[in-house]
Amino acid sequence: MVTLSGKAMYVGYLKGCTIYADLNGDLEHSEGEPKSTTGEYGGWSLTVPEAAQARAEVIVPASPDCIDRNTNLSLSVPLQAAAGCEILSVLSSLKHRLVKTYVAQNTSEEANATVEAYRAIVAGLGLMDEPDFNACTFDHIEQL
């Protein structure tokens, strides 16, 4: 077994949110898939079988019970990232979806698709002087 952990955030950290590891790719929480709830400052932890880690996706579904600490509003869009992603945010969700799209379109293998996704995000956000930007570790709140 492997423990995955990190933080979930939207504008601020997300508290009281269901988070689960989708092990079968159906984007739904199924029986036997690990599930947890985020803490007061977005912290989460899930234990998954080591063999499933490579294909697992971590998902925070939109829910009225999932509250953004900065806005006090509920999460209205789901967040989704690869299992190795420590920060679940809009940026890591965008990166994950770009990678999946590039791979599905056969424009590149996953390693190259990840590089392409980061390039697109860096260019879109105007972060040209940040070549090491990583959406899966970038905590914008901590940066403030």
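Just after helix α1, Asn106 takes a positive phi of about 60°, and this residue is a convenient place from which to look back along the helix in what is a predicted model. Helix α1 comprises 15 residues, 90-104, which at 1.5 Å a residue should span 21 Å, and the distance between its end C-alpha atoms is 21 Å, in agreement with that expectation. At the N-terminal end of α1 the cap is provided by Ser89, a side-chain oxygen of which lies 3.3 Å from the backbone nitrogen of Leu91.

Which residues of α1 are buried? They are Ser92, Ser93, Lys95, His96, Val99 and Tyr102. In an α-helix there are 3.6 residues a turn, so residues three or four places apart point the same way. The cover over the buried residues of α1 includes the strands β6 (57-60), β9 (79-82) and β10 (87-88), together with helix α2 (110-125).

Ser92, which has its place in helix α1, may be taken as an example, and with a relative accessibility of 1% it counts as buried because the cut-off for that class is under 20%. A polar atom of the Ser92 side chain lies 2.8 Å from the backbone nitrogen of Ser89, and Ser89 is also the residue that caps the N-terminal end of α1. Once its neighbours within four places in sequence are left aside, Ser92 is in contact with Gln80, Ala81, Cys85, Ile87, Ala135 and Cys136.

Two of those contacts, Cys85 and Cys136, form a disulfide in which the sulfur atoms are 2.1 Å apart. The torsion about the S-S bond of Cys85 and Cys136 is about -100°, so this disulfide is left-handed. The pair links distant parts of the chain, since Cys85 sits in the loop between β9 and β10 while Cys136 sits in the loop between α2 and α3 (140-143), 51 residues apart. Cys85 and Cys136 are both buried.

The count of disulfides comes to two, and the other joins Cys17 to Cys66 with an S to S distance of 1.9 Å. Here the torsion about the S-S bond is about 80°, so the disulfide of Cys17 and Cys66 is right-handed. Cys17 lies in the loop between β2 (14-15) and β3 (18-22), whereas Cys66 belongs to strand β7 (residues 63-68), so the pair ties together parts that are 49 residues apart in sequence. Both Cys17 and Cys66 are buried. When the bonded cysteines of the chain are numbered in sequence order, the pairing reads 1-2, 3-4.

The strand that follows the loop of Cys17 is β3, and four of its five residues are buried, so β3 is largely enclosed by the rest of the structure. Strand β3 pairs in the antiparallel sense with strand β4 (residues 35-37) over three bridges, and it is also joined by three bridges to β6, again running antiparallel. Tyr20 shows both pairings, for it stands opposite Lys35 in β4 and has Ile59 as its bridge partner in β6.

A further set of strands, three in number, forms an open sheet in the order β5-β1-β10, with mixed pairing. Its edge strands are β5 (43-48) and β10, each of which pairs on one side only. Strand β1 (residues 2-8) and β10 run parallel and are joined by two bridges, with Ala8 standing opposite Leu88 in β10. Strand β10 therefore appears in two settings, as an edge strand of this sheet and as part of what covers the buried residues of α1.

Where, finally, is Tyr13 found? Tyr13 is in the loop between β1 and β2, and at 11% relative accessibility it counts as buried. Not counting residues up to four places away in sequence, Tyr13 touches Lys7, Ala8, Tyr41, Gly42, Ile67, Asp68, Arg69, Asp139, Ile141 and Glu142. Among these, Asp139 makes a polar contact with Tyr13, side chain to side chain, at 2.9 Å. Tyr13 and Lys95, the latter one of the buried residues of α1, are 82 residues apart in sequence and 19 Å apart in space, C-alpha to C-alpha.

Definitions and conventions. Residues are numbered from 1 along each chain as its sequence is written. This is a predicted model: local features need pLDDT of at least 70, side-chain atom pairs count only at pLDDT 80 or more; totals for chains, interfaces and linings use all residues. Side-chain values use heavy atoms; hydrogens and water are left out. The expected span of a helix is 1.5 Å times one less than its number of residues. Buried means under 20% relative accessible area, exposed over 50%, partly exposed in between (1.4 Å probe, protein chains only). Contact means heavy atoms within 4.5 Å. A polar contact is a pair of N or O atoms within 3.5 Å; within protein, one must be able to donate a hydrogen and the other to accept it, and residues adjacent in sequence count only if both atoms are side-chain atoms. Two strands pair if DSSP finds at least two bridges between them. A disulfide is a pair of cysteine sulfur atoms within 2.5 Å.
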